[in-house]
Amino acid sequence: MLEFNCKNVSASIIGEEQGLDLEKEFNQYNDKIAKIINELNSKKDKPGQWLQWMNLGYNEETVWLVKEYAAMVQDRFENILVLGIGGSALGGIAVCEALLKPYWNLLNQEQRENLPRIFFLDNIDPDQINGLLEVLDLKKTLVNVITKSGSTAETMSQFMILRNKLEQELGDDYRKHIVATTDQNAGILRQISNEEGYKTFVVPDDVGGRFSVFSAVGLLPFALVGIDIEELMQGVKDMDLALKNTDIHHNIAAQNALIHYLMDTQKGKNISVMMPYSSRLKYISDWYVQLWAESLGKSHDLDGNKVNIGPTPVKAVGATDQHSQIQLYNEGPNNKIINFIRVKEFDTTLEIPRIFEFTGAGYLGGKTINELINAEADATKVALTDYQRPNVTITLEKINPYNIGQLLYMLEVQTAIAGELYNINTFNQPGVEQAKNYTYALMGRAGYEESAATLQEKMAR
Ligand code: PA5
């Protein structure tokens, strides 16, 4: 299990003004938290609640289907190219970066045990797309296009480019190089997939993009590059069972949700920094930023009051950002809560040679890089605490599929509980839809003519 340590948010350590009386708050909120947990679990099967992500860990059928397809195609392709954006990409990137060997795409075939390389295109920078097309051999590439709505302009435009290039290079065979992950019935991509006869996987109903990493959205790319998705899902299931505990004293997602909520609403700390001390976990911060921002940044609460609330998530990585952001965290405004992620045991050990012994760098010789990164994490934590800056630490025994499943699922549940505490709709994203609709209007999509006229007028001002 993950370890969670929140003692550095307590008043006894960082002082009354900045810290919380945790025991008092946990006791005071225990009933409310229990009610939230019970409600989430009892509502999760009801259509329209957008809580189906809480069932994904138990979806053995998808695991089986994805594994079967991956086994069938894996050795036919040298490259997997994932097209998607936001929730259709960030979980995939985060898990692949965490669980594949570093520099996976640069390893040779033998080092990759004949598994494909994986590329994610989650932007529409023409130089980047053209650059990737120059290095990818499309004859050896499987394109996994992922969009729940089936219409997102970024993803569909990338897909249209790739589909055409594939057809030019492969003739009619191009279809075998495309696998689409989208809604079961609705959307343009579903319609195109049916017409063109692509292999497809389903983004289940009532699973929002940012909560979709354990559906085929994530599982398919993971299985294609050989990540043990059964272990990943075991981590999700075990964490789900642990987080059904309605006693906040034994529920780490509830604890961190409440801590963040109280720090924001009582202590003015509305910035949540995610700072893993591991380069492999760097993109988990990107995923967390989207999860936290899109879920909790809302204009109205559930009672219809205008609230314009939401903590701002920030990504950082240790030790790198000690030399970039920590000055601000220590001495700037005391408006943040820092989430450290620590790894007890790295996969490898790297010793620093005993050279330059008679210089100021000599003390490093004979130590390991592992000791150094952990010492730096300890040092930063103590320094922040000295400056009375609240911080919590999540510790993973190792980086493996089981623990990554646990970590991401814990953060999803934490987000859902925080949303209930803020009394907002965690699962919608009207602000994202607004910008999407303006894009459709600007690009001349049928049905958006009126918005286009208003937009042109606003832009001319
Ligand atoms: O979390 C979300 O809902 C969004 O970030 C979406 O994932 C993102 O906008 C992409 O949408 P779609 O999967 O429909 O292309």
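Here are some numbered notes to help you find your way around this structure, which is a predicted model.

1. A good place to begin is strand E7, which covers residues 271-276. Six of its six residues are buried, so the strand is mostly covered, with buried meaning under 20% relative accessible area. If you look at one side of E7, you will find Ile 271, Val 273 and Met 275. On the other side are Ser 272, Met 274 and Pro 276, and the residues of both faces are all buried.

2. Which strands pair with E7? One is strand E10, made of residues 312-315, and four bridges join E7 to E10. The two strands run parallel. To see this pairing on the model, find Val 273 of E7, which stands opposite Val 314 in E10.

3. Strand E11, residues 336-345, is also joined to E7, here by six bridges. Again the two strands run parallel. A handy pair to look for is Pro 276, which stands opposite Ile 341 in E11.

4. While you are at E11, have a look at Ile 338, which belongs to that strand. Is Ile 338 buried or exposed? Its relative accessible area is 1%, and because buried means under 20%, Ile 338 counts as buried. Ile 338 also shows how the fold brings together parts of the chain: Ile 338 and Met 275 are 63 residues apart in sequence, yet their C-alpha atoms are 7.1 Å apart in space. Met 275 is one of the buried residues of E7 mentioned above.

5. Another covered strand is E5, residues 178-183. Six of its six residues are buried as well. Strand E4, residues 141-147, is joined to E5 by five bridges, and these two strands run parallel. Asn 144 has Val 179 in E5 as its bridge partner.

6. Now to the ligand, which sits in the second largest pocket. There are 14 residues around the ligand, and those that come nearest are Ser 88, Thr 147, Ser 149, Thr 152 and Gln 290.

7. What polar atoms face the oxygen atoms of the ligand? Three distances are worth checking on screen. A polar backbone atom of Gly 87 is 2.9 Å from an oxygen atom of the ligand. For Ser 149, an N or O atom in the side chain is 2.7 Å from a ligand oxygen atom. For Gln 290, a polar side-chain atom lies 2.6 Å from an oxygen atom of the ligand. Taken alone the ligand exposes 380 Å², and the protein buries 92% of that.

8. Asn 79 is a residue of strand E2, residues 79-83. With a relative accessibility of 3%, Asn 79 counts as buried, because the cut-off for buried is under 20%. The side chain of Asn 79 is joined to the side chain of Arg 117 by a polar contact of 2.7 Å.

9. For a contrast, turn to Met 72 in helix H3, residues 60-73. Its relative accessibility is 54%, so Met 72 counts as exposed, the cut-off being over 50%. The C-alpha atom of Met 72 is separated by 9.7 Å from that of Leu 224, although these residues are 152 residues apart along the chain.

10. Some backbone details deserve a second look. Most residues other than glycine have a negative phi, and most peptide bonds are trans. Tyr 103 has a positive phi of about 60° although it is not a glycine. You will find Tyr 103 in the loop between helix H4 (90-99) and strand E3 (117-121). At 67% relative accessibility, Tyr 103 counts as exposed.

11. Asn 423, which is not a glycine, likewise has a positive phi of about 60°. Its place is the loop between helix H14 (401-422) and helix H15 (430-442). With 25% relative accessibility, Asn 423 counts as partly exposed, because that value falls between the cut-offs of 20% and 50%.

12. Finally, where is there a cis peptide bond? Gly 318 and Ala 319 are joined by one, with omega of about 0°. Ala 319 lies in the loop between E10 and helix H12 (326-331). That E10 is the strand joined to E7 by four bridges in point 2.

Technical notes: Residues numbered from 1 in each chain as written. Predicted model: local features only at pLDDT ≥ 70, side-chain atom pairs only at ≥ 80, totals over all residues. Heavy atoms only, no water. Buried < 20%, exposed > 50% of the residue type's maximum accessible area, 1.4 Å probe, protein only. Pairing = 2+ DSSP bridges. Near = heavy atom within 4 Å. Polar contact = N/O pair within 3.5 Å; in protein donor to acceptor, adjacent residues only side chain to side chain. Areas by Shrake-Rupley, 256 points an atom, 1.4 Å probe, with all protein chains shown as cover. 1 Å grid on protein atoms, 1.4 Å probe; cavity = no way out; pocket = protein on both sides within 12 Å on 5 of 7 lines; lining within 4 Å. Sits in = over half its atoms within 2 Å of the grid points.
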